[in-house]
Amino acid sequence: MKYVGIHTQIANNNRMSILLLLAFPCIILGMVWLFFAILQLLGGGYYDANGEYFTGFNVDVINSYFIGVIPWVIGGVAIWFCIAYFLNVSMIKKATGARTLERRENPRIYNIVENLCMTCGMDMPMINVVDDPQLNAFASGINKKTYTVTVTTGLMQRLNDAELAGVIGHELTHIRNRDTRLLITSIIFVGIVSTVMGIVVRMLFNHFLWGGSSSSDREDRKGALSIVVVMIVAIICCAIAYLFTLLTRFAISRKREYMADAGGAELCGDPLALASALRKISNAPGLEDVEREDVAQLFIIHPQSFASGLQSIFSRMFSTHPDTAKRIAFLEQL
C-alpha cells in the first residue's frame, strides 16, 4: 500500500468532510424539488399568479414553490446537524451502551493509553467501556474535548498488554488522522435521512391502518390521490436514504483502516501484537447488539461482516472495513 503521511491523511479527511457537508443539503433539496414535481404531476394542474387554474406540467411553478421552502429546508438541516454534531458523544453512548471508565476501575487501561499518548505527543482522550464479554473497540469524537476510545470488557480481559496497546494505538491513530470527525459527519447525515424516511413510512402505515374505517370519502378521487402521493414520497425517501448510505460508505476509503493499523503498530512497536489482537477479535466480535449500521462503521472490526450467505457477500462489497485476514497479512509484513 502506498504510504500516506499523517498530515496528508488529515487534509484528505477534512476535504471529504467538506464535500459531505455540501453534498447532503443538495440531496435534500433535490428530494424536495422532486416532491413538488410529483405533487403537481399527480394533481393534474396548477394555479397561476392571478389565481386561474391550468392543467399541465409547469417547471416555473415548481421552482417558485421550491425557492420558497429553501430557507426552511436549509435552516432545519443546519439546526439538526448542529444539535447532533455537538451531542454525538451521548448519541454514540446510547447506541452502544457505553459508560465512562474510571481510572480506579481499571488502571491498566489508563496506563496503556497514557503511555501511547505520550509516545505520539497527543492529549489523552476519554475512555469508555461497554459491558460486553466479546471483543471490540472504537474511537469517536470531533475535537479534543470529545475524543474518546471505547473498549469492551471482553477486550480488556482477553487481550494481553501488547495486544491491547496495538488496538488502542489503532484507535488513537484514527483520532490523530481525524477519521472520527469524518465518520461522525457521515453518521449524522445518514441519521437525518433515516429519520425523515421513518416519519414518512409511519405516516403511510397509519394512513392505511386507520384510513379504511372512516367515511366513504376515502373512496373518492382525492383520497386515492393522496395515498398515491404519500406512497411515492415514501418510496423516494427510502431510495434516497439507501443511496446516500451506499455513497457514504464509498466515500470513506477502506485505506483508513490500513493506515490506522500501521499507525497502531508503530505506536505499540509490535505489529504482530496488533495482528494477534485482530485475530482474536475476529473470532468473537462484540457489539453485535448495536442496531445502527452507521455507528457500527466506527468499530475496529465490523460485527455484521460475519453474516452468512448473500448477506455476507453484500456486506463485504459495501463495507467500510477491509477483510480482516488481509489486514492481518499486512501487519505481518511490517
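A polar contact is a pair of N or O atoms within 3.5 Å. Keep that in mind for a later stop on this tour of a predicted model.

**Stop 1: the sheet.** Start by selecting strands S3, S4, S5 and S6. Together they form an open sheet, and reading across it you meet them in the order S3-S4-S6-S5, with mixed pairing. At the edges you will find S3 (98–100) and S5 (137–140), each of which pairs on one side only. Turn the view a little: neighbouring strands of this sheet are turned by 30 degrees against each other on average, direction ignored.

**Stop 2: a pair of strands.** Now select residues 126–130, which make up S4, and residues 148–152, which make up S6. The two strands pair in the parallel sense, over five bridges. For one spot to zoom in on, pick methionine 126 and look at what stands opposite: threonine 148 in S6.

**Stop 3: a helix across the strands.** Next, add residues 161–176, helix H6. H6 lies across S5 and S6, and runs at about 20 degrees to S5.

**Stop 4: threonine 152.** Go back to S6 and select threonine 152, which is found in this strand. Is threonine 152 buried or exposed? Threonine 152 counts as buried because its relative accessibility is 0%, and buried means under 20%.

What does its side chain reach at 2.7 Å? Show glutamine 134 as well: the threonine 152 side chain reaches the backbone oxygen of that residue. Finally, display the surroundings. Leaving aside residues up to four places away in sequence, threonine 152 touches Val129, Val130, Asp132, Gln134, Leu135, Asn136 and Leu287.

Terms used: Residues are numbered from 1 along each chain as its sequence is written. This is a predicted model: local features need pLDDT of at least 70, side-chain atom pairs count only at pLDDT 80 or more; totals for chains, interfaces and linings use all residues. Side-chain values use heavy atoms; hydrogens and water are left out. Two strands pair if DSSP finds at least two bridges between them. Helices (H or I, at least four residues) and strands (E, at least two) are DSSP runs, numbered from the N terminus. Axes are lines fitted to C-alpha atoms, for helices over the stretch in contact, and angles run from 0 to 180 degrees between N-to-C directions. Contact means heavy atoms within 4.5 Å. Buried means under 20% relative accessible area, exposed over 50%, partly exposed in between (1.4 Å probe, protein chains only). A polar contact is a pair of N or O atoms within 3.5 Å; within protein, one must be able to donate a hydrogen and the other to accept it, and residues adjacent in sequence count only if both atoms are side-chain atoms.
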